[in-house]
There are 2 protein chains.
Amino acid sequence: MNELTISLDSHLSQPLYEQIYEYLKNEIQSGGLPCQERLPSTRMLSKHLDVSRSTVTLAYEQLLSEGYIENQPSRGYFVSDVEGLYRISRTSQSSSGTAPKEGPVYQYDFSPSGVDLDKFPHNIWRRLSKNLLLDNSQDLFRLGDAKGERGLRETIASYLHQARGVSCSPDQIVIGAGNDYLLMLLHTLLGEKRVYAFERYTYKKASDIVKVLGNTVEVTGMDESGMKVDALKKNGASVAYVMPSHQYPLGIVMPVKRRLQLLAWAQEEEGRYIIEDDYDSEFRYKGKPIPALQGYDTSGKVIYIGTFSKSIAPAIRISFLVLPEPLLEVYEKRGRLFSTTVPRMDQQILTEFIQGGYYERHLNRMRSVYRTRHDMLLEGLRPFQKAFKIRGEHAGTHILLELTNGMTEKEAIEAAKKEAIRIYGLSSYELGEKHPSVTLILGYVNIREKEIPDAAKLIGKLLLRE
Amino acid sequence: MNELTISLDSHLSQPLYEQIYEYLKNEIQSGGLPCQERLPSTRMLSKHLDVSRSTVTLAYEQLLSEGYIENQPSRGYFVSDVEGLYRISRTSQSSSGTAPKEGPVYQYDFSPSGVDLDKFPHNIWRRLSKNLLLDNSQDLFRLGDAKGERGLRETIASYLHQARGVSCSPDQIVIGAGNDYLLMLLHTLLGEKRVYAFERYTYKKASDIVKVLGNTVEVTGMDESGMKVDALKKNGASVAYVMPSHQYPLGIVMPVKRRLQLLAWAQEEEGRYIIEDDYDSEFRYKGKPIPALQGYDTSGKVIYIGTFSKSIAPAIRISFLVLPEPLLEVYEKRGRLFSTTVPRMDQQILTEFIQGGYYERHLNRMRSVYRTRHDMLLEGLRPFQKAFKIRGEHAGTHILLELTNGMTEKEAIEAAKKEAIRIYGLSSYELGEKHPSVTLILGYVNIREKEIPDAAKLIGKLLLRE
């Protein structure tokens, strides 16, 4: 491409990365940088402008996330077809539960899914990878144990014990490339045509997967303690899928009494199991961390599933099952057949990441980052609280607003859309027949700290119909 | 550990790595290095002895592969419990199809599975990883497409077209963490309770997996052209699992006529499919490469499955499916739900490995390495050929010896064991009821070139009962 002539002013209050971002965005919008034009690499541009590489990366990231540029693997960054994107955005009427990749229609996106990768400790990860590649690399290219490397399983067992109150031996742990794969493997262990109970509002993808695998999904009633055990007893389910530490999306913490009732239900019949999805227990801002249900289980009924995709990065394709004894036997017969889905190298990097204390530091940092956003969002919404009640706060990466202003969920989403704000509705997380909903979901993973006051104000205003 | 006092003599004809290996082995056997003693790192020892790091690595690799030492992830190399290993080896009566990890009982192991990692281009892989980690890393930590990165799928499609005569678009390709996982995913697409036809002698693991997933496996007769289509028609199968380019383990190349018959069978009924496992077509030493069956398919009946675990390294957990159009539609409905099992980073490294021409170079090199071993093995066995007929040669990484000396497979394996040579029998690859077998399998992936003459002579002698 031609030389970029960006004039940066480090005395401006606007950060340098924003100046680069603004300049490039304007160039793209005006056609100065035509569609499919290749941008200079971050390295080249940082040299050229005499700024740090991360400044340029941040600007590119922003352009990427807003759809102005694309990253073509092993080729570099290219200007997107912005005209096309606008057109697509205008005609698109879908409102699925995930953030759209296309188009710069929304100024703020409160998607409850995703991970803030700005804070990912790239340097450490890079150093660990580099050292490993230097050290006895040949061995790392062998296949390894079907369950995963012993070292990683030991490390996870000890982490789970300390941080989550899970009691298990490394032998009970099976490592796999993501929750979706592990649900597939679990399906093979549990046998076909099971009836799975899911709460009415839940992590829908898991229920879709279970169904596609040939099982039946029973939508099970819930109250403020989570899944109702009497409802569970009635629907003939033999597997209950729950998130006791922090129910998704409602944020319910299952009280001990309900936990024990659930365990009692499982004990009543052989072959009954509880799947405990502990997807985001790392993020809790108030009160003590809540121990896992698995820790209460003395009769081998709880299957614990955890992941590093949420707490580190989505591309870290490492999740794990903690199998109770009876299923461990089944695993040895039917599951061990399946070779590991996670490269040894990646397992080794993660092991050193945890053992070196980097994971703990990263979690603490993310907890603080998300907590600040959480607090700022609550703070920003406070002046408008006549219009809603806030629920599910103090944990995770989203909050719920139950509207009391007479608006429906859909009306609020539409109103926000007009302000270029994307918010989500609880009904996207509902299984079965949809009930009328007045509850909104606001995630703060994809929103920058400094944007929150403005975004919260805009939302508050439109909900108060000011 | 105490200072190692190895005196190396670079004027000896024995290579330096062997001197280190011999010294350590003797120390371990004599108890001079007790069980669980930690060995110095390869870096430290190479400095201490003033030899190159790879020399020490080679010695350690040899000790590792013979079970004298163990690699404990993130801790280093430790002396194994050799006593225990000996005892295990002596009492173990199993003769499964894979090489044992324990024990230094066997001097030579002719296992037909595995990959020679000595030749793995570590430096290039390391460089590609390093560069990627420096370049726009944040993006690499996002989740990516469920099917796999577009760039890698394009690269694979183009490679398959050129090298294997497979005709497909990148859209038809689904990347996954190993064949076992992809068989699981395929099972979800094909629906439950299918009848799969496998040849009597086959890649047993695939048939075990298919069975564990809830399908029926029909053992199907074969002749010198591979799976018999009339047998297939009789057994009610709707999926045929074949390896037309180089049948495992018999090495049969399916002639065009049989291929067309197989395709005609699939076309007769909707829902019938052929799974073409093209696991080792890269290694062919005589004649032209044989195009894939997929290339003959004009009616969307062939599911092609390929892997980089065999051609690069087992820990490269990257395999891929090429789905025919009808299944692609099913994939969009039922398969896309499952997030990718391969990290973006690894997909990107592989893409650059192929695009940079390194894969081609690596394949050429391995072809030449394996070809030399293949030729030397045939050469070494020639003086004894009164005792057997050689079959399945000129391709892959093993040959078959059909005994004509009156010995059974089992007798030959036992006789070889007394000479500390591990050889394998065809019956380990037989499904269903076992037939008496007089056929041996000799793989040359795990045997060093210079060992082949000696090993071949030992085998030849014992088969001739000299």
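Let's start in chain B with a pair of strands: β1 (residues 69–72) and β2 (residues 76–79) run antiparallel and are joined by four bridges. This is a predicted model, and you can trace one of the pairings in it by looking for Asn71(B), whose bridge partner in β2(B) is Tyr77(B). Three residues lie between the strands of this hairpin, and Ser74(B) takes a positive phi near 60° there.

Now let your eye move to the wider sheet of chain B. Seven strands make up this open sheet, in the order β4-β12-β11-β10-β9-β5-β6, with mixed pairing. At the edges stand β4 (173–176) and β6 (216–220) of chain B; each has a single partner strand, so one side of each is left without a neighbour in the sheet. On average, and with direction ignored, neighbouring strands of this sheet are turned by 20° against each other. For a look inside the sheet, take strand β10 (residues 273–277) of chain B and strand β11 (residues 302–307) of chain B, which run parallel and are joined by four bridges. Here Glu276(B) has Tyr304(B) as its bridge partner in β11(B).

Next, consider the two chains together. A turn of 180° and a shift of 0.1 Å along the axis lay chain A on chain B with an RMSD of 0.2 Å. The two copies are thus related as by a two-fold rotation axis. Of the interface residues of chain A, 100% are also interface residues in chain B, so the copies meet through the same surface.

Helix α5 shows one place where the chains come together. The α5 helices of chain A and chain B (residues 122–134 in each) pack at an angle of about 175°, with their axes 10 Å apart. Since angles over 145 degrees count as roughly antiparallel, α5(A) and α5(B) are therefore roughly antiparallel to each other. From α5(A), the contact is made by Arg126(A), Ser129(A), Lys130(A), Leu133(A) and Leu134(A), and from α5(B) by Arg126(B), Ser129(B), Lys130(B), Leu133(B) and Leu134(B). By character, the residues of this contact divide into four nonpolar, two polar and four charged.

Finally, find Gln348(B) in helix α13 (residues 344–355) of chain B. Its relative accessibility is 6%, so Gln348(B) counts as buried. Leaving aside residues up to four places away in sequence, Gln348(B) touches Leu132(B) and Leu140(B) as well as Pro73(A) and Ser74(A).

Terms used. Residues are numbered from 1 along each chain as its sequence is written. Chains are lettered from A and ligands numbered from 1 in the order in which they are written. This is a predicted model: local features need pLDDT of at least 70, side-chain atom pairs count only at pLDDT 80 or more; totals for chains, interfaces and linings use all residues. Side-chain values use heavy atoms; hydrogens and water are left out. Two strands pair if DSSP finds at least two bridges between them. Helices (H or I, at least four residues) and strands (E, at least two) are DSSP runs, numbered from the N terminus. Axes are lines fitted to C-alpha atoms, for helices over the stretch in contact, and angles run from 0 to 180 degrees between N-to-C directions. Angles under 35 degrees count as roughly parallel, over 145 as roughly antiparallel, 65 to 115 as roughly perpendicular and the rest as oblique. Contact means heavy atoms within 4.5 Å. Ala, Val, Leu, Ile, Met, Phe, Trp, Tyr, Cys and Pro count as nonpolar, Asp, Glu, Lys and Arg as charged, and the others, Gly among them, as polar. Copies are superposed by least squares on the C-alpha atoms of residues with pLDDT of at least 70 in both. Buried means under 20% relative accessible area, exposed over 50%, partly exposed in between (1.4 Å probe, protein chains only).
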